[in-house]
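Me: I am new to this structure and would be grateful for a close look at a single part of it. Please explain it in one connected account.

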Amino acid sequence: TGSMAGYIAEITAFFNDQESSGNLALVSNVTKRFLSSLKVPVSIYYVAVNQEQQNPLVLEVLKQYQRSSSYIKVKYVDLQEAKTRFAKYATTGTSISTGSLIVEGQDYHRILTPYDLYDISYDQKGNPEVLGFTMERCLTSAIDYVSTGTMPRVYEIEGHGEDTLDSLGLLSVLSRSGYQVSKLDLSKHSAVPKNAEVLVDLSPKYDLKETEKNELLAYLQTGGRLMMFFDLTSTFMNDKMPGYQDLLSKHGIGLIKGIVLEGDKSHYANSPNILLPVYGDSQLLTPLEINNLQMFIPNSAAIRELRERPSTVAITPILTSSDNSWVRTDLSNNSAQRIASDIPGAANLVVSITGNGKAGEGVTDYRMIVGADTQFFGNISTLGQIKGNIDFFKSCLSWMTNDRGSFQIGEKSLF
């Protein structure tokens with residue numbers, strides 16, 4: 001924790017200099033518009049009474065929130081008072097410490113720890129690195145929750161050997177961004193829960209049962225939102241598992257059994273299998289483009305668009321390889337050069353899909369995001385966890401939930 005405290009002290013000094021010179025806006029117009037629409041009282045308790053405990057950067061943000069709405073009240077409490085006063089919140093699993101923010105509405109609350117206010121990444125040795133200041137995103141999401149009592153509900157599909165949000169380092173990211181995450185075993189339900197705003201399926205290793213596939217199709221037809229990321233070891237790599245392929249083919253795509261190799265040196269890192277993808281024309285990439293963030297995708301398979309597809313389906317490539325790349329379908333051949341059996345040309349790595357739900361029932365169009373790699377969300381060998389990859393996942397969820405949860409609020413980046 002000593003090194004982490006040092007990191008945060010340096011970052012705070014950096015932002016204080018930027019703020020004093022007028023180069024940094026700490027609260028965005030997105031938050032200001034949200035606060036102007038607030039109609040219920042919300043109290044924010046800052047656990048730091050004396051000047052030595054108070055972070056000037058946090059103080060300034062709190063002042064700007066309070067100026068933006070008459071319903072926001074900021075109060076200061078010492079640690080002992082906070083632990084006594086808010087003892088009833090101790091069962092939530094988040095402890096109160098100096099520097100914490102306790103956001104309290106009439107019926108709901110949320111505790112933000114000092115570390116929640118920063119974007120912290122860890123390399124493979126567990127060393128922390130502070131990448132940015134995320135207080136606005138976390139605090140605005142917290143205020144939204146305590147004032148409404150609702151959070152976007154994300155269901156994580158399990159039962160097919162999936163990777164988990166937690167194992168990929170994404171669960172804490174979602175929690176800080178204002179999402180409520182639950183597990184979903186489709187085999188134990190006759191239908192997807194009605195409160196599911198988004199379903200996430202990460203690197204399944206075993207196939208869908210027919211009943212499970214039909215549950216997902218029915219969910220989409222009622223305006224559902226489904227994110228699916230596969231891997232070279234996933235279901236679609238096993239020819240005996242047609243369930244996922246059939247689900248995807250009904251929406252105009254398939255997955256190619258092969259690995260994408262890049263021939264353009266400006267589009268790979270270290271080796272041709274670690275892709276620096278080409279960004280498509282999509283709002284999903286706006287947060288990355290604004291902050292000039294690069295994504296890294298290792299060992300990706302490819303997505304093909306089918307000639308025969310429903311006329312109501314629209315497919316948009318989000319991330320691709322360059323025109324000077326190819327898909328290696330002969331996985332026993334390790335040549336770094338193109339061979340005769342390779343499929344040449346740009347390959348789709350991630351696509352979005354929109355389609356119409358049941359006609360005549362006022363159903364919102366459904367949305368899907370499908371990727372041919374999952375491991376890029378976690379730690380990548382020698383590179384650790386990549387900030388651009390994590391921000392892409394958050395942007396996908398924002399698009400899926402119509403910008404609920406994270407409000408598409410960017411952090412104050414150090415890049």
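The account that follows concerns helix α2 and the elements around it, and then turns to the nonpolar cores and a set of salt bridges.

Me: Which residues of helix α2 are buried, and against which elements do they pack?

Reply: The model is a predicted one. Helix α2 comprises residues 29-36, and its buried residues are T31, F34 and L35. These three lie on the same side of α2, because they cover an arc of only 95 degrees around the axis. In general, an α-helix has 3.6 residues a turn, so residues three or four places apart point the same way. The face turned away from the buried side of α2 carries R33 and S36, which are exposed.

The buried residues of α2 pack against three elements: α3 (56-68), β2 (72-77) and α5 (135-148). Of these partners, α3 merits a further description. Helix α3 has 13 residues and spans 19 Å from its first C-alpha to its last, close to the 18 Å expected at 1.5 Å a residue. At the start of α3, a side-chain oxygen of N55 comes to within 2.8 Å of the backbone nitrogen of L57. L57 is itself buried, as are V58, L59, V61, L62, Q64 and Y65 of α3.

The wider setting is given by the nonpolar cores. The largest of them has 44 residues, of which M227, L319, I369, F392 and F393 touch the most other members. Several elements supply at least two residues each, including α6 (171-176), β10 (225-229) and β20 (348-355). Helix α10 gives the most to this core, with 7 residues. Apart from this core lies another, of 31 residues, and L59 of α3 is among its members, as are L38, A48 and Y145.

Charged pairs also join parts of the chain; the structure holds 11 salt bridges. In one of them, the side chains of E156 and K183 meet at 3.4 Å, N to O. This pair links distant parts of the chain, with E156 in strand β7 and K183 in strand β8, 27 residues apart. E156 is buried, at 4% relative accessible area, whereas K183 counts as partly exposed at 44%.

A further salt bridge joins D246 and K213, at 2.4 Å, N to O. D246 lies in helix α8 and K213 in helix α7, 33 residues apart. Here D246 is partly exposed, with a relative accessible area of 25%, and K213 is buried, with 7%. Both residues belong to a network of salt bridges that links E210, K213, D246 and K250.

How values were computed:
Residues numbered from 1 in each chain as written. Predicted model: local features only at pLDDT ≥ 70, side-chain atom pairs only at ≥ 80, totals over all residues. Heavy atoms only, no water. Buried < 20%, exposed > 50% of the residue type's maximum accessible area, 1.4 Å probe, protein only. Helix = DSSP H or I, 4+ residues; strand = E, 2+ residues; numbered from the N terminus. Arc of directions from axis to C-beta. Contact = heavy atoms within 4.5 Å. Expected span 1.5 Å × (residues − 1). Polar contact = N/O pair within 3.5 Å; in protein donor to acceptor, adjacent residues only side chain to side chain. Core = buried A, V, L, I, M, F, W, Y, C linked by side-chain atoms within 4.5 Å. Salt bridge = Lys/Arg side-chain N within 4 Å of Asp/Glu carboxyl O.
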